[in-house]
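Okay, thanks everyone, let me pull this one up. I'll keep it short and stick to a few spots worth looking at together.

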Amino acid sequence: LLKSGWTGHCTFVKNRWVAEAKWIAVLRGIKYVRRTEMEKQNYIKWIRSKVGHEKIMLIFAGGCIFNEAGEVLLQRRGDSNKWGFPGGAIELGETPQQAAIREAKEETGLNVEVGAMIGVYTDCDMKYPNGDEAHSIVIAYELKVIGGELYCDREETLELRYFSLDALPELFCKQHEEFAEDLRKKRKSVI
């Protein structure tokens, strides 16, 4: 393996990562799917077609959107009927920032730009209502609205509402609770 150029770890150089991903796929006997083919599919659906409901690692990106009153936007999720911050899985070929922008648009109708990173949240095993299991990592940012209008598709997002940080509803997972706590701490340290 070392003679072939495999370094044993993932690098952030795009072309090298792609080469390593292909080599891993070859080693595991998995047919490598090019990005152009993957663009036609949702990554989670694609990987789930390979592993079923077994636990996998997923990386998500999202963030917080504040209104002029300092309230934060939450979405009531279609999969759990619980509240959470806008965000979702990073697709192949996307950066976390690109995923946060795309997910904010898909889930809220708002166009956003990415600000400061709030945190990376890693300690969460999830079991979804459909039986899927995942160990998830969430990368959370401040998001600034630059256009668009609030919109619910009534499938992925059932409702959108702004809440005071001190009066948030129960959030759908531990990582979102930790994110909310970090937002409270940050807001108090700024004041």
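I'll start with confidence, then go through the sheet, one odd glutamate and some salt bridges.

So, first thing: this is a predicted model. Mean pLDDT for the chain is 81, and 76% of the residues reach 70 or more. Where is confidence lowest, and where is it highest? The low end is helix H1, residues 14-27, with a mean of 39, while strand S3, residues 83-84, comes out on top at 98. Residues 1-40 have pLDDT below 50, and that stretch has 30 contacts in the model beyond near neighbours in sequence.

Now the sheet. We've got 3 strands in an open sheet, ordered S3-S2-S8, with antiparallel pairing. S3 and S8 (157-163) are the edge strands, each pairing on one side only. Between strand S2, residues 72-77, and S3 there are 2 bridges, and Gln 75 sits opposite Gly 84 in S3.

Keep Gln 75 in mind, please. Glu 107 sits in helix H4, residues 96-108, and Gln 75 is among the residues Glu 107 contacts beyond four places in sequence. Others there include Pro 86, Gly 87, Tyr 151 and Leu 160. What's odd about Glu 107? Well, Glu 107 is buried but has no salt bridge. The nearest side chain of opposite charge is Arg 77, and that's 5.6 Å away. A salt bridge here needs the nitrogen within 4 Å of the carboxyl oxygen.

On to the pairs that do form: the structure has 11 salt bridges. Take Asp 125 and Lys 55, at 3.4 Å, N to O. Asp 125 is in strand S6, residues 125-127, and Lys 55 is in the loop between helix H3 (43-51) and strand S1 (56-65), so we're looking at partners 70 residues apart. Asp 125 is partly exposed at 49% relative accessibility, and Lys 55 is partly exposed too, at 46%.Next, Asp 123 and Lys 174 have their closest N and O atoms 2.8 Å apart. Asp 123 is in the loop between strand S5 (110-121) and S6, Lys 174 is in helix H5, residues 174-190, and so their salt bridge ties together parts 51 residues apart in sequence.

Helix H5 turns up again with Lys 186, which bridges to Glu 142 in strand S7, residues 133-148. There the closest N and O atoms are 2.3 Å apart. Glu 142 is partly exposed at 27%, and Lys 186 is partly exposed at 31%.

Last one: Glu 94, Arg 102, Glu 103 and Glu 106 are joined into one network by salt bridges that share partners. Okay, over to you.

Note on methods: Residues are numbered from 1 along each chain as its sequence is written. This is a predicted model: local features need pLDDT of at least 70, side-chain atom pairs count only at pLDDT 80 or more; totals for chains, interfaces and linings use all residues. Side-chain values use heavy atoms; hydrogens and water are left out. Helices (H or I, at least four residues) and strands (E, at least two) are DSSP runs, numbered from the N terminus. Buried means under 20% relative accessible area, exposed over 50%, partly exposed in between (1.4 Å probe, protein chains only). Lys and Arg count as positive and Asp and Glu as negative; His and the chain ends are not counted. Contact means heavy atoms within 4.5 Å. pLDDT is the predictor's confidence in each residue, from 0 to 100. Two strands pair if DSSP finds at least two bridges between them.
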